[in-house]
Amino acid sequence: MRKEFEEVDQLIKEALTTEEAKFYDHLDEQNMLQMFGGIFDGKNKWLIVIMNVVTFVALGFLIYCIVQFFEAEDTMLLIKWGMGGVICMMLMSMIKIFMWMQMDKNSIIRELKRLELQLSVLASKLSN
């Protein structure tokens, strides 16, 4: 199955001009680090940066809550510090889920662009 994809990719590259081929190569599959770096591009870069800062602040507060939890002697303090830790973990989890969704969205957009490029190549071949 993978070999068939490589053959189709090669046929598409042969039909493209050099500029279109470079663009097609730019749309190739990315590894995890490239996908993570990709969420820092675009209009919402500032939001992702703020979310990363909030995640690190929540991690620091989580560590503080854990230390205070183990030093607490009163049951009420144990509950308060435990809930603080749970809230920090939930906040960090929600932010990470949002970032994973952004990475998935970027991947889907990249595949749609590849499909559009393939359709335009096919349409140009049919019109000739």
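Let's start inside the protein: the largest nonpolar core is built from seven residues, namely Met-35, Ile-39, Ile-48, Met-51, Ile-95, Met-99 and Met-103. Two elements each give two or more residues to this core: helix 4, which covers 45–71, and helix 5, which covers 75–127. Of the contributors, helix 5 gives the most, with three residues. This fits a general pattern: in soluble globular proteins, nonpolar side chains tend to be buried together. Keep in mind that what you're looking at is a predicted model.

Now zoom out to the whole chain. Which elements, and how many of them, does the protein have? There are five helices and zero strands. Reading from the N terminus, then, the order is simply α-α-α-α-α. The protein has 128 residues, and 23% of them are buried. On the outside, about 9800 Å² is exposed, and carbon and sulfur atoms supply 67% of that area.

What about contacts between parts that are far apart in sequence? Take the contacts in the protein with a separation of 6 or more: 71% of them join residues 24 or more positions apart. Met-35, one of the core residues, gives you a case to look at. Leaving out residues up to four places away in sequence, Met-35 touches Gln-30, Met-103 and Arg-110. Met-103 belongs to the core too.

Next, have a look at three residues in the helices, and at how well each one is covered. The table puts them side by side.

| Residue | Helix | Relative accessible area | Status |
|---|---|---|---|
| Gln-102 | helix 5 | 16% | buried |
| Thr-55 | helix 4 | 7% | buried |
| Met-90 | helix 5 | 48% | partly exposed |

Why does Gln-102 count as buried? Its relative accessibility is 16%, so Gln-102 falls under the 20% cut-off for buried residues. Gln-102 also has a partner far along the chain: Ile-39 is 63 residues away in sequence, yet the two C-alpha atoms are separated by 6.5 Å.

Thr-55 is buried as well, because its relative accessible area of 7% is under 20%. If you set aside its neighbours within four places in sequence, Thr-55 is in contact with Met-92, Ile-95 and Lys-96. You've met Ile-95 already, as a member of the core.

Met-90 is another story. Its 48% lies between the 20% and 50% limits, so Met-90 is partly exposed. Met-90 and Ala-58 are 32 residues apart in sequence, and 9.7 Å lies between their C-alpha atoms.

Finally, let's check out the empty space. Rolling a probe the size of a water molecule over the atoms shows where empty space is left. The largest pocket here has a volume of about 480 Å³. Its lining consists of 20 residues, and those nearest the centre are Gly-38, Ile-39, Asp-41, Gly-42 and Asn-106. Helix 3 (32–38), helix 4 and helix 5 are the elements that give two or more residues to this lining. Which helix gives the most to the lining of the largest pocket? That's helix 5, with seven residues. By class, the lining is a mix of six nonpolar, eight polar and six charged residues.

Ile-39 is worth finding again on your screen: Ile-39 is part of the largest nonpolar core, and Ile-39 is also among the residues nearest the centre of the largest pocket.

Terms used
Residues numbered from 1 in each chain as written. Predicted model: local features only at pLDDT ≥ 70, side-chain atom pairs only at ≥ 80, totals over all residues. Heavy atoms only, no water. Core = buried A, V, L, I, M, F, W, Y, C linked by side-chain atoms within 4.5 Å. Buried < 20%, exposed > 50% of the residue type's maximum accessible area, 1.4 Å probe, protein only. Helix = DSSP H or I, 4+ residues; strand = E, 2+ residues; numbered from the N terminus. Contact = heavy atoms within 4.5 Å. 1 Å grid on protein atoms, 1.4 Å probe; cavity = no way out; pocket = protein on both sides within 12 Å on 5 of 7 lines; lining within 4 Å. Points joined across faces, edges and corners; volume = space filled by probe spheres on them. Nonpolar A, V, L, I, M, F, W, Y, C, P; charged D, E, K, R; others polar. Areas by Shrake-Rupley, 256 points an atom, 1.4 Å probe, with all protein chains shown as cover.
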